Amino acid sequence: MQELGMAEQGSIRVTRKDDNVVVIEKDLATEEMVLSMGPQHPSTHGVLKLECLTDGEVVTSAEPYLGYLHRCFEKHCEMVDYPAIVPYTDRMDYLAGMNNEWAYCIAVEKLLDIEIPRRVEFIRVIVSELNRIASHLVAIGTYAIDLGAFTPFLFCFRDREHILSLLEWASGARMLYNYIWIGGVAFDVPVDFNKRVKEFVDYFRPKAVELSSLLTENEIFVKRTKGIGIMPADVAINYGWSGPMLRGSGVQWDLRRNDPYSVYPELDFRIPVPDGKFTDIGDCLSRHLVRALEIEESLSIIEQCLLKMPGSEGFNPRIAVPKRVRPKAGEVYGRAENPRGELGYYIQSDGKSTKPLRCKARSSCFVNLSAMKDLSKGQLIPDLVAIIGSIDIVLGEVDR
Amino acid sequence: MSDFEIGGAAPQSVQQAAAAYEVVREMFGGAVSDFDANEFMPFFEVLEPEKWPDIALFMRDHPKLKFNYMACLSGVDYPDDEKLGIVCNLESLGIFGHRIAVKVKCSREGGVIPTVAYVWHTANWHEREAYDMFGMQFSGHPDLRRILCPEDWEGFPLRKDYKVQESYHGIKVPY
Amino acid sequence: MGLLDAGISKHNVVITSVDNVLNWARLSSLWPMGFGLACCAIEMMATNASNYDLERFGIFPRSSPRQSDLMIVAGTVTMKMAERVIRLYEQMPEPRYVLSMGSCSNCGGPYWEHGYHVLKGVDRVIPVDVYVPGCPPRPESLIGGLMKIQELIRMEQIGISRAEALKKLAEKSSDPQQVIERDRQVVRA
């Protein structure tokens, strides 16, 4: 337990109860200092700028400034055809390109009312879950760097390369794939892809345990994250949090289960939430643990898909891909579970044009980050870094 | 980590949304439009924008509605009607699981929509973004500044008649 | 005693020009600024990490512009960011090099036409020495680009300006098409 902050006028109190050290300072009126962090800063995960108001070591408020990577995604949507938007969605959350494409395709397919071949659905699940693992690996690796541990980063990137080479084999690109198309996928997976994925799963299972033990059994890491940045569940929902952030606050909410799409209803997987035994519910450590456990769930989803996937005889991955995408007039809000939370697309079609009238991306990072000001109030400066890392932002998605 | 699961599947159901709409209609009567029961995104429109915060608060706190989660708030430009608007996708997360969309419109020049940032914190940044991209004002917003574009950017980029500026701080903007 | 020591004790003197020593020292420990902008930054991180291990070339990211020789502009530069990029560039000590990584920072990339807020090429605001194409470039391409920077440093001498060194580098470089053709003929034969 830790009580921080009481940043009233002229008094600071810093207490660490389960530490040996208990520091209590009173009546130390210090001058507030404005500390600008970023946009070029190694632990802001990109080009985020935080304007911190500090009272000694205590942050009294941290205001995020965005837009340093605003790449006009929504303007491009109005300027190019529906299928041509897919590459731009890749570049939003560049750590999880597959999941982004898929969410967009779900929204457009809803509007078009297309029947998707069953094998395509399984391919999509496999590649997105692989991408989810890759994304969580980056999140965990960079979080470890933020807190001063370099080895997990190397471990994460070593294993991530295996996933990238698998996805490159399937799609031809390492990071930005343009693989999932409206109504299908660009290519069928290569021969022996399933075998190689199975090999990867078998290889990675013990590695994931090792990686997890590197951090969650590390005294320093636990001390830096436990009890820091606690977010109660109801406030989290009011802030619109989703994904591992919301689950870290103890709400068992996963769109793969609660608003099921694709073949997820047929698959058996757990939704990990912290139970409060090892962590304080809603703190940075919970969010980190949720991500670590989700990696294992994704592995099990992939294994199930490999077993259930129909064969490739007479399979054409582009059979349902429409030649010309011109949806009937209407509006749709389609969404999917991204590694960072709910990624939704609000698309408005006028029924005449091959371009959307309006396409708004509801980005999970943008919403998750908006709680930064509340989360950082009264924390220490090093804890601020721990909090930003636990939100796991990708600035491409925040700024779009 | 616990193994138990709550909630379960909550399929999108237009009936659920319609039932929720009826509760709002009963309370606010003519302030809301008829219900559009399309299968993609059932919605209704708030005809009197000044009542929008009351409706929002009612929708969040009414024991039968409990729309505690705002998924998305998108600004929209309607050049034909000379209007700007917002579309809010609301959901009752973990309680009822029903979903509904609400539209609010205002005039294109000098349009004002009351803020709901105090009802859902999500709306805070989304309204700033809508202001940044479309230029409608949100009255009562705690911190209405541009969020993505620089403070001194000219024009509102997502309006249909937007023309990009030639230079910004001496740097050429077009290709 | 190692081989090197043996060689030195035999001849008893090391002969080289000051230029070569300076250039060798400079190119063997190129410290780029750890400065990621967008998607390319992830590939840059991957290049720094285990599999590609940039440190074997003496390249290790530094957090401060004041300690770095090289700026890798990894990703889309926006109008809001452009002024910060200029400021970071100005904070770097001479001699400094700039590597533009990825299509976005080369020319605007996929955002060149409708991206109102995207700077169409970082060379509009700071001078660029080496461009690496790709969206994002593979780690191999980035390493290739860094090798080019090292070659450029090798070309520099006292009395030879950067522009002249770049010119020499361009003359020295071979047309990739010719290399491909040559390899094809070897394969055919």
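A residue counts as exposed when its relative accessible area is over 50%. By that yardstick C:Val18 is exposed, because its relative accessible area is 57%. The model it sits in is a predicted one. C:Val18 belongs to helix H2 of chain C, which covers residues 18–28. Its C-alpha atom lies 9.1 Å from that of C:Gln157, although 139 residues separate the two along the chain.

Zooming out to the whole of chain C, there are eight helices and four strands. Read from the N terminus, they come in the order α-α-β-α-β-α-β-α-β-α-α-α. The C-alpha atoms take up a box of roughly 65 × 50 × 35 Å along the principal axes. Of the chain's 189 residues, 44% are buried, and the surface left accessible is about 9,500 Å², with carbon and sulfur atoms supplying 56% of it. When contacts between residues at least 6 apart in the sequence of chain C are considered, 74% of them link residues at least 24 apart.

Strand E2 of chain C, residues 70–74, is a good place to look at the strands in detail. Five of its five residues are buried, so the strand is largely enclosed by the rest of the structure. In a regular strand, side chains alternate between the two faces of the sheet. Here C:Leu70, C:Ile72 and C:Ala74 point one way, while C:Met71 and C:Val73 point the other way.

E2(C) has pairing partners in E1(C) and E3(C). Strand E1 of chain C (residues 32–33) pairs with E2(C) in the parallel sense, over two bridges. C:Met33 stands opposite C:Met71 of E2(C). Together with helix H3 of chain C (residues 39–48), E1(C) and E2(C) form a β-α-β unit that is left-handed. Strand E3 of chain C (residues 97–101) also runs parallel to E2(C), and five bridges join the two. C:Val73 has C:Ser100 in E3(C) as its bridge partner. To get from E2(C) to E3(C), the chain passes through helix H4 of chain C (residues 79–91), and this β-α-β crossover is right-handed.

Over in chain B, B:Arg108 is worth a stop. This arginine is found in the loop between strand E4 (99–107) and strand E5 (112–114) of chain B. B:Arg108 is buried, with a relative accessible area of 7%; the cut-off for that class is under 20%. Setting aside neighbours within four places in sequence, B:Arg108 touches B:Asp77, B:Pro79, B:Glu82, B:Lys83, B:Leu84, B:Arg159, B:Lys160 and B:Asp161.

Chain A, finally, holds 15 helices and 11 strands. Its mean pLDDT is 85, and 92% of its residues reach 70 or more. Residues 1–11 of chain A have a pLDDT below 50, yet in the model this stretch makes 30 contacts beyond near neighbours in sequence. A compact globule of 400 residues would have a radius of gyration near 21 Å, and the 22 Å of chain A agrees with that. The C-alpha atoms of chain A fill roughly 75 × 45 × 35 Å along the principal axes. Buried residues account for 66% of the 400 in this chain. Its accessible surface is about 13,200 Å², 53% of which belongs to carbon and sulfur atoms. Among chain A contacts between residues at least 6 apart in sequence, 70% connect residues at least 24 apart.

Notes
Residues numbered from 1 in each chain as written. Chains lettered and ligands numbered in written order. Predicted model: local features only at pLDDT ≥ 70, side-chain atom pairs only at ≥ 80, totals over all residues. Heavy atoms only, no water. Buried < 20%, exposed > 50% of the residue type's maximum accessible area, 1.4 Å probe, protein only. Pairing = 2+ DSSP bridges. Right-handed = clockwise from strand over helix to strand, strands pointing away. pLDDT = per-residue confidence, 0-100. Contact = heavy atoms within 4.5 Å. Rg over C-alpha atoms; globule rule 2.2 N^0.38 Å. Areas by Shrake-Rupley, 256 points an atom, 1.4 Å probe, with all protein chains shown as cover.
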